Each structure stands twice: as structure tokens, then as C-alpha cells.
Protein chains: 2
Amino acid sequence: MPNQRGENDMPRFKTSIALISGGLDSAVAAAIAKTESNQVVALSFNYNQRHKVELEAAMKIAERYAVKHVIVPLSLDFISNSALTSKDIAVPENRALDDMLSSIPVTYVPSRNIIFLSIATALADVENADAIYMGINAVDYSGYPDCRPEFVTSFQRMIDKSTRRGVAGASIAIKAPLVMLSKADIIKKGAELNVPFELTHSCYNPSDEGLACGLCDSCLIRRKGFQQAGVADPTRYANLQQ
Amino acid sequence: MPNQRGENDMPRFKTSIALISGGLDSAVAAAIAKTESNQVVALSFNYNQRHKVELEAAMKIAERYAVKHVIVPLSLDFISNSALTSKDIAVPENRALDDMLSSIPVTYVPSRNIIFLSIATALADVENADAIYMGINAVDYSGYPDCRPEFVTSFQRMIDKSTRRGVAGASIAIKAPLVMLSKADIIKKGAELNVPFELTHSCYNPSDEGLACGLCDSCLIRRKGFQQAGVADPTRYANLQQ
């Protein structure tokens, strides 16, 4: 059999780092990384996150994708002003989607993606990777400043000036393939790539059994996305009749 | 008594984060931060560094400066390709100063300053700080890509696009007041500001008792700096007749 793959189907990157949180978006971004790279190394963080079930989801996703998975412990306890790192701040519920975009919510963990991406560039150096994939999104999102295209382009410029590959004239390409997609389009893309949605976790405030609350910003955006995409939502919600 | 201070003497920043490693340069940068800010919060990292005596030095310096000191635990064990995070890689000794600049040495910890500065921007958000001071230097240094002015300016642009203060049109000023100074000039500046050099630690490869080796790149640069500045060197070296 001749190789039916054209040039456009060839992997563009030798090794890519894929940041996976256990959430839906990063699982789709990692699936895209797999199609565009010869090899993928998954990276997650154990930062004592409120929704630790996310990290367990990340481990299951990396296992399903059959990729090496590096988990970096990271203490973000000093970030006392975020609902995702401090148990003293409540996660908002049942907000209108428009309200989510009107101001930066208490679930914002300041500089979280900046920190995660910085550590990813260190792992890229160790693994000699030429790309980093992340699932950030600036359309159906919660208004976090480090989820926007401006973040990606300015971070790219910064590492081109200040990493071993960058100063050697090579680069580590920061890939955020979902940044301008709606949640519905992300879900459609994931369905095409057979992303195991049932393993992903989006809820900020899961029950002790790991069920999604169905009420936080992240659950609301996810539910609406599945509805709009016309894809069956495998999520088990604690507070909804299903 | 009238206030004799002119406008130029007034603190420019309300609250500054000062990254202190325990080394000489960051102690001088923090001393400058103190003169230019109403309040300073010191930030250090416990990353199981080879030269852990540095962290003890950082604690003594913060205590001497009488500033709040946040120490963030950080696992960089995954960075297996640096002599400062892996015990399997030897620290080079007795290199000529020119050789240090000819290539990136094995003591380079990839993206270390990018990671540290990213976490500092998170702390700046928590503390509502308007500046971050760091002691990086691109003159008498070891050729690390994230110690150069290009790093500072590109990091500044990145956080202006991707932090809470940045998108609000405010800024967190990244201050690297030593970046273009020679080691001798840094030491002269520190002497003016009564920096407790005897508390600072620069050696990459200290003895079990915490004495400086006198032979690694960092010791060689420090010793030469004190000699050129004409300032007495209080460092206790394990391998030198003094």
C-alpha cells in the first residue's frame, strides 16, 4: 500500500508538550497536538487545587492518549485571593453568561497560565520539544486575562528572547489552537478527534464523589457548548435532573 | 524640622516584590527596592536547590531588611539537564571568565527566571504590588538567556497583556536595576546601601558546612568583583588561603 498521507498530513513538530488540566479544552488541544507532532509529552500540575478530581481526570486522559505524563507539584497556597486556591472564597453559581465576561471573577487564579506555560518551556528544554500546546480560549470563557490571544503572542516573543532554543534562533512554538473557537466548536472538533469527553472534568466545585455541580461558570459554559454542538454530554451533574 | 527630602527621593512604588535568592545581586536589588518603595515583600523559592544554603541566606537577608518574606516550595526535579537541579551533573570549576560567556553552561536551569518572575507576578496580584525587583545581570554573568535586558522588556510586555493590573491599564513594573552593571559596580552600589554582603551566598557548590568553593563560575565572578570594586570580601572560601 502506498502512503496515502499528503505533505499537509505530516507531523509538523518533532516533540510537543501538551498542557492538560483534566478539562475538556486541554484534552481537545492535546488531541490536536497528537495529530501535529511525532511525539507528545503531557504536563499537569498538582497545586492542591480545589477541584482535585481534575488532576485524576488528567491522568486518565494521558493514559488513554498513551503519552508520557509529567506531573509537577506546585504550591500556589500563597494565592489567597482566588476561589480556586482558597477554600475561604465561594465559587459563584448560576451566573448569566454575559455576567461572566463583564469582570474578572473570583475563580481567576492570578498568573496561573503564565506560571504553567513558563514551567512548560522548562520541560520543553528538557525534552528538546519544539512546540507547546494549550487549551486556552477567549470566546466562551470566564474573562481571565491569561486566556487571550495577546497572551499567547506576547509570551511567544518573550521566550524567543530568553530560552536556550530562542537565543539559538530556533523556537518553541506556543500553540493555542482553540483560542478563538466557541465552546460548541471546540466540542465539535473534539468529537471529530474522538476525544474521550467522559474522562474530562470542568466543574470548579465538584461533589465529594467528583460529580459536576452544574451551576458554576465552567459547568454552565460546558453544558451550553454540548447543547449548541449537538453532541451528547456525558457529564454527570449532581444538581440536575438528567 | 522641615522635610529635607526632595521629590526625587520619594518612593516611586507603593509595594514592591523583591525576588531574593540569597545571592549578592538580589540582595543589592532588594536594597534598591527598599529605597524606591513604601513597602517591600521578599519572595524566595525552595526548589530543592543544590546550594540550599542560599535559601538560608535569603531568610537572613529578609530578616535583616525587616520585610515580609514569602517562600514558595517548587519542585524543579523534572529539570534533569541542569547541574543546579540534578546531583548527577558536576558543577564546572576554575573556568576562565571568557569561557563562561562563550556558551550556556550546565549550571543553566532552563526558564528558571521566567518561572520565578511568573510566580512573582501572581504574588504582586495578591499583594496589590506595583513593582517587582530582581537582581539579574547580563555583564559579569554566566551567559544565561533569561538574565538579559531583552528578557525584562519582553516579559514586561507579556504581563501588560495578561495580568489583572495589566488589562486594567495599570502595570506591574519589572525592575532589574543591575542588569547592565558590572559585578564590581553592583558591589560598589551594595556597599553604598549597606548591603550585608556577609549574609549573601553565591557559590554553586558549597561545602557541607556552607563554605563557598571559590572555584565555580559564580565564586570566580564574585571574587573578581570584590577585588575590582576595592571592597573587602567577607566570603569564607573552603579551598583558598585567606
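Which residue just after α4(B) takes a positive phi? Asn128(B) does, with a phi of about 50°. The model is predicted.

## Helix α4 of chain B

Asn128(B) follows a helix of 16 residues. From its first C-alpha to its last, α4(B) reaches 22 Å. That is close to the 22 Å expected at 1.5 Å a residue.

Is α4(B) mostly covered or mostly uncovered? It is mostly covered, with 15 of its 16 residues buried. A residue counts as buried here if 20 or more other C-beta atoms lie within 10 Å of its own.

## Two copies, one axis

Now for the pair of chains. A turn of 180° and a shift of 0.0 Å along the axis lay chain B on chain A. The RMSD of that fit is 0.0 Å. The two copies are therefore related as by a two-fold rotation axis. The same surface serves both copies, as 100% of the contact residues of chain B recur in chain A.

## The contact between the chains

How many residues does each chain give to the contact? Chain B gives 35 residues and chain A gives 35 residues. On the side of chain B that touches chain A, four elements of chain B give two or more residues: β3 (68-73), α4 (112-127), α5 (149-162) and α6 (164-167). The most comes from α4(B), with 9 residues. So this helix returns to the story: α4(B) is mostly covered, and α4(B) gives the most to this side.

What classes of residue make up this side of chain B? There are 19 nonpolar, 10 polar and 6 charged residues.

## The sheet of chain B

Chain B also has an open sheet of 5 strands. Their order is β3-β2-β1-β4-β5, and the pairing is parallel. Strands β3 and β5 (173-175) of chain B stand at the edges. Each has a single partner strand, so one side of each is left without a neighbour in the sheet. Neighbouring strands are turned by 25° against each other on average, direction ignored. Edge strand β3 of chain B is also among the elements that give two or more residues to the side touching chain A.

Look at the β5 edge. Strand β4 (residues 131-133) of chain B runs parallel to β5(B), and 3 bridges join them. Ile132(B) stands opposite Ile174(B), which lies in β5(B).

## A helix across the sheet

Which strands does helix α1 of chain B lie across? Helix α1 (residues 24-36) lies across β1 (13-19), β2 (37-46) and β4 of chain B. The helix runs at about 155° to β2(B).

Key: Residues are numbered from 1 along each chain as its sequence is written. Chains are lettered from A and ligands numbered from 1 in the order in which they are written. This is a predicted model: local features need pLDDT of at least 70, side-chain atom pairs count only at pLDDT 80 or more; totals for chains, interfaces and linings use all residues. Copies are superposed by least squares on the C-alpha atoms of residues with pLDDT of at least 70 in both. Two residues are in contact if their C-beta atoms, placed from the backbone, lie within 7 Å. Ala, Val, Leu, Ile, Met, Phe, Trp, Tyr, Cys and Pro count as nonpolar, Asp, Glu, Lys and Arg as charged, and the others, Gly among them, as polar. The expected span of a helix is 1.5 Å times one less than its number of residues. A residue is buried if 20 or more other C-beta atoms lie within 10 Å of its own, exposed if 12 or fewer, and partly exposed in between; C-beta atoms are placed from the backbone. Two strands pair if DSSP finds at least two bridges between them. Axes are lines fitted to C-alpha atoms, for helices over the stretch in contact, and angles run from 0 to 180 degrees between N-to-C directions.
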